Protein chains: 2
Amino acid sequence: MHFDPAEALSREEIASLQTARLRETIERAARSPFYARVLAEAGVGPDDIKSPQDIRRLPLTTKQHLRASYPYGLVTVPIADLVRLHASSGTTGSPTAVFYTERDIRTWASLMARCMHMAGVRREDVFQNMSGYGLFTGGLGIHYGAEALGCLTIPAGAGNSRRQVKLIRDFSVSVVHIIPSYALHFADFLQSEGISPASLPIRIALIGAEPHTEETRRRIEGLYGCRAFNSYGLSEMNGPGVAFECTEQQGMHLWEDAFIAEILDPNTFEPVPDGELGELVLTTLTREGMPVIRYRTRDLTRFIPGQCACGRAHRRIDRIAGRTDDMLIIKGVNIYPMQVEQILMGMPEVGSNYLIELTRDGHMDQFTVKVEITEDFFVEDMRALNALRGRIVTKLRDELLITPRVELVQHGSLPVTEGKAQRVSDLRPKD
Amino acid sequence: MHFDPAEALSREEIASLQTARLRETIERAARSPFYARVLAEAGVGPDDIKSPQDIRRLPLTTKQHLRASYPYGLVTVPIADLVRLHASSGTTGSPTAVFYTERDIRTWASLMARCMHMAGVRREDVFQNMSGYGLFTGGLGIHYGAEALGCLTIPAGAGNSRRQVKLIRDFSVSVVHIIPSYALHFADFLQSEGISPASLPIRIALIGAEPHTEETRRRIEGLYGCRAFNSYGLSEMNGPGVAFECTEQQGMHLWEDAFIAEILDPNTFEPVPDGELGELVLTTLTREGMPVIRYRTRDLTRFIPGQCACGRAHRRIDRIAGRTDDMLIIKGVNIYPMQVEQILMGMPEVGSNYLIELTRDGHMDQFTVKVEITEDFFVEDMRALNALRGRIVTKLRDELLITPRVELVQHGSLPVTEGKAQRVSDLRPKD
């Protein structure tokens, strides 16, 4: 039933494994220039760890630390022992890089295969990876996982919708990995070609790499007649394969044999109670080439209390509610773009694309939401459109506590990206 | 000294291994619908093979056969046992697909690692793969090879020159995989940024995926101050890793433990004598999921007679001289674009880009070669330019036996692709 026996660990087994592996991780991390210094300053060593809770004695690591240590500051092995590098784009400014030994690549592939298997993917499936390859960990990460699971893997890469649909049909593709905004765009493309998305043989969609709402997931499932599973990961923790939904679809199991997860108040850095939103902080437990301790992911989520019906004891995190650094402050109110998406994607008249535009009028922030309307609904009846706009304004105001300006636009008129969607356009002058 | 003991096989050992593996291949191939029929019609079975020469009793396989058998006609195992698919673009028309089992992926990676090791790449090297990933076998093929060899592998992908150079510098990249036309373009880019290509830490460039001349190779070596090694492969035979240059740089060793190579007259299909040009015909000996027998590659090359100074007994093929189907017939004369490149790249005044343009004037073919001139040479002295043009016309006429029109154009004025270079623009009306 499980791909990996680690899926069946009890809470007690997880705790003792985490304790042992955290000690190893501290010992290993101390071989890197960065952690040698940081751990010495903190005065914490492996012997100070008696339980996973003792992780709180260790200092936090931030993106800034990774940037300042670029390129090799967190690496614990000779360069000759590394076999892979992934990096943030880094054309300008300060890039970050992550490194993997051969064992790290195998561990990562195995974690990813475990995720896919948990969602119901089997070696008999034909899997199309509709995600870009290269330095982005989402592409090669899921590719290696699918091969480790034994799926017939089609490395289609991103974009080229016409070729994607041909491959899906010719090879009876049953599982895809697709960015949620592209899944919606691809459905539009199919419909414009007279193809019903539900007519494709896809039974499972793995969606991740950008935050999205439950409403977006249900919409993707409805369009393709498939089940869509939420995926979570970040390059600093390998890439995808950190947490994944089981078939219950009630949150993502975070693999606690491979990571220690904390959810902290982003101001006090104290743990928040289970069920409350905070910043996810992660520690690698099995990484060899570049262990990372208490990394501030900037991702906002919560632990889902209680036991999952699937029986796995690995704790679940909720879908990402936003990022600590993509919070918008509009007229003094804190707003996350995900709140807007949640409202819009729950309305059947709303199409697959929208854009939040921020401008400043004198000293006043203007908050405009441009919303694409489905072709069926885009009629010339001004009264119906005005009524719809009114409903959207009301729903957004109730959720956000401020009143946005809403513009309804024709299907296909907002810019589309085939990578991660750009949902916010901040045109306010920089102070 | 060798990465794989198979590199040290003697001619006798190769012959006996080929005989045994050819028998296995025939037996395995007969499990596919296509070869079940073809081998039954030919009346040939494993027991008819007593030596590698008996391969001539088997029928040839062409690209047309692969197209007609799309998608699964040559597959010998259940789909559940396949883990990878690569395909030609196939947006329109008839695509082709190749399939790999898990063992096939491992064998391919090992062949590719053997090639890189033979060219002097070691696990201590930092390797940047500047080739596109996805369905193109050149990307993932070399990627897996580099990881199997144990290099720190940077999956940079194609394009984005600014990011490529940052990665090369930041991580002291010592080995790159790069398409030869992009290597020339990238050098232009570097120079335009005030960076000397020779100042980069690259010591080895693996170049392939498009035919190129010895002159182009020497030019790349001169620009980067590195050694450039020619790579040969095609998707139907896995992808890259079929043949590769050793440090002698006197032709590419074709791995005869994994492939049987024939060079045939493309009209009579009789073997040509060693040293003479013909069409390369290849048979897989170790492929499990999709064995291919006597595949007409359309690539023109010759066996290089004699023993290589490196001591490896695997026969060498010469760099690809062109393709049977890219031969141009101009004014009744057979011309290969490589002949033009060879002349141009041997002249220091000529830049990195050129274009062959074919037009028709009434019933007469017009054959124009547009040639970019290096910035140093592009002076306002009309007399010097005319003299250079005259020299180019003479050299091309001596090689091609017809007189082309030559236009000298300014550096950077011809179109550039970051994928395979388009060297021929055939504007003649279709008959």
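At 30% relative accessibility, A:Asp81 counts as partly exposed in this predicted model. Its carboxylate forms a salt bridge with B:Arg123, and the closest N and O atoms are 3.0 Å apart. A:Asp81 sits in the loop between α3 and β1 of chain A, while B:Arg123 sits in the loop between α4 (102-118) and β3 (126-129) of chain B, so the pair joins two chains. B:Arg123 is partly exposed, with a relative accessible area of 36%. A salt bridge with the chain letters exchanged is also present, between the side chains of A:Arg123 and B:Asp81 (3.0 Å, N to O).

These pairs belong to the interface of chain A and chain B, across which the rule finds 4 salt bridges. The polar contacts between chain A and chain B come to 22 residue pairs, both residues being at pLDDT 80 or more. On the side of chain A that touches chain B, at least two residues each come from β1 (82-87), β2 (97-101), α5, β4 (152-154) and α6 (161-170). The largest share of that side, 6 residues, is supplied by β1(A). Sorted by class, the side of chain A that touches chain B holds 25 nonpolar, 9 polar and 9 charged residues.

The extent of the interface can be put in terms of residues or of area. In residues, 43 of chain A are in contact with 43 of chain B. The size of an interface is often given as the accessible area lost when the parts come together. Here the area buried between chain A and chain B is about 3,500 Å², and carbon and sulfur atoms give 63% of it.

A:His143 offers a view from a single residue. A:His143 lies in helix α5 (residues 137-149) of chain A and is buried, with a relative accessible area of 0%. Leaving aside residues up to four places away in sequence, A:His143 touches A:Asn129, A:Tyr133, A:Thr153 and A:Pro155 in chain A, and B:Arg84, B:Leu140 and B:Tyr144 in chain B.

Salt bridges also occur within a chain; over all chains the count comes to 57. Side chains of opposite charge can pair when their charged atoms come close. In chain B, B:Glu193 forms a salt bridge with B:Arg162, the closest N and O atoms being 3.0 Å apart. B:Glu193 is in the loop between α7 (180-192) and β6 (204-207) of chain B and B:Arg162 is in helix α6 (residues 161-170) of chain B, so this pair ties together parts that are 31 residues apart in sequence. B:Glu193 is partly exposed at 38% relative accessible area, and B:Arg162 counts as partly exposed at 42%.

Helix α6 of chain B also holds a pair of its own. B:Asp170 and B:Lys166 both lie in this helix, 4 residues apart, about one turn of the helix. The two form a salt bridge, with the closest N and O atoms 2.9 Å apart. B:Asp170 is partly exposed at 23% relative accessibility, as is B:Lys166, with a relative accessible area of 24%. In chain A, a network of salt bridges links A:Glu214, A:Arg217, A:Arg218, A:Glu221, A:Glu245 and A:Arg319.

Next come the cysteines. A search of the whole structure finds 0 disulfides over all chains. A:Cys310 is in no disulfide, and its nearest cysteine sulfur, that of A:Cys308, is 3.6 Å away. The disulfide cut-off is 2.5 Å, so a separation of 3.6 Å does not qualify. A:Cys310 counts as buried at 16% relative accessibility. In chain B, B:Cys308 is likewise in no disulfide, with the sulfur of B:Cys310 nearest at 3.6 Å; B:Cys308 is buried, with a relative accessible area of 5%.

The backbone has some features to check. Most residues other than glycine have a negative phi, and most peptide bonds are trans. The peptide bond from A:Tyr70 to A:Pro71 is cis, with omega near 0 degrees, and A:Pro71 lies in the loop between α3 (63-68) and β1 of chain A. In chain B, the bond from B:Tyr70 to B:Pro71 is cis, with omega near 0 degrees. A:Asn238, in the loop between β7 (227-234) and β8 (239-245) of chain A, has a positive phi near 95 degrees and is buried at 4%. B:Leu401 has a positive phi of about 75 degrees, but is exposed, with a relative accessible area of 68%.

Note on methods: Residues are numbered from 1 along each chain as its sequence is written. Chains are lettered from A and ligands numbered from 1 in the order in which they are written. This is a predicted model: local features need pLDDT of at least 70, side-chain atom pairs count only at pLDDT 80 or more; totals for chains, interfaces and linings use all residues. Side-chain values use heavy atoms; hydrogens and water are left out. Buried means under 20% relative accessible area, exposed over 50%, partly exposed in between (1.4 Å probe, protein chains only). Contact means heavy atoms within 4.5 Å. Buried area is the accessible area (1.4 Å probe) that two parts lose on being put together, summed over both. A polar contact is a pair of N or O atoms within 3.5 Å; within protein, one must be able to donate a hydrogen and the other to accept it, and residues adjacent in sequence count only if both atoms are side-chain atoms. Ala, Val, Leu, Ile, Met, Phe, Trp, Tyr, Cys and Pro count as nonpolar, Asp, Glu, Lys and Arg as charged, and the others, Gly among them, as polar.
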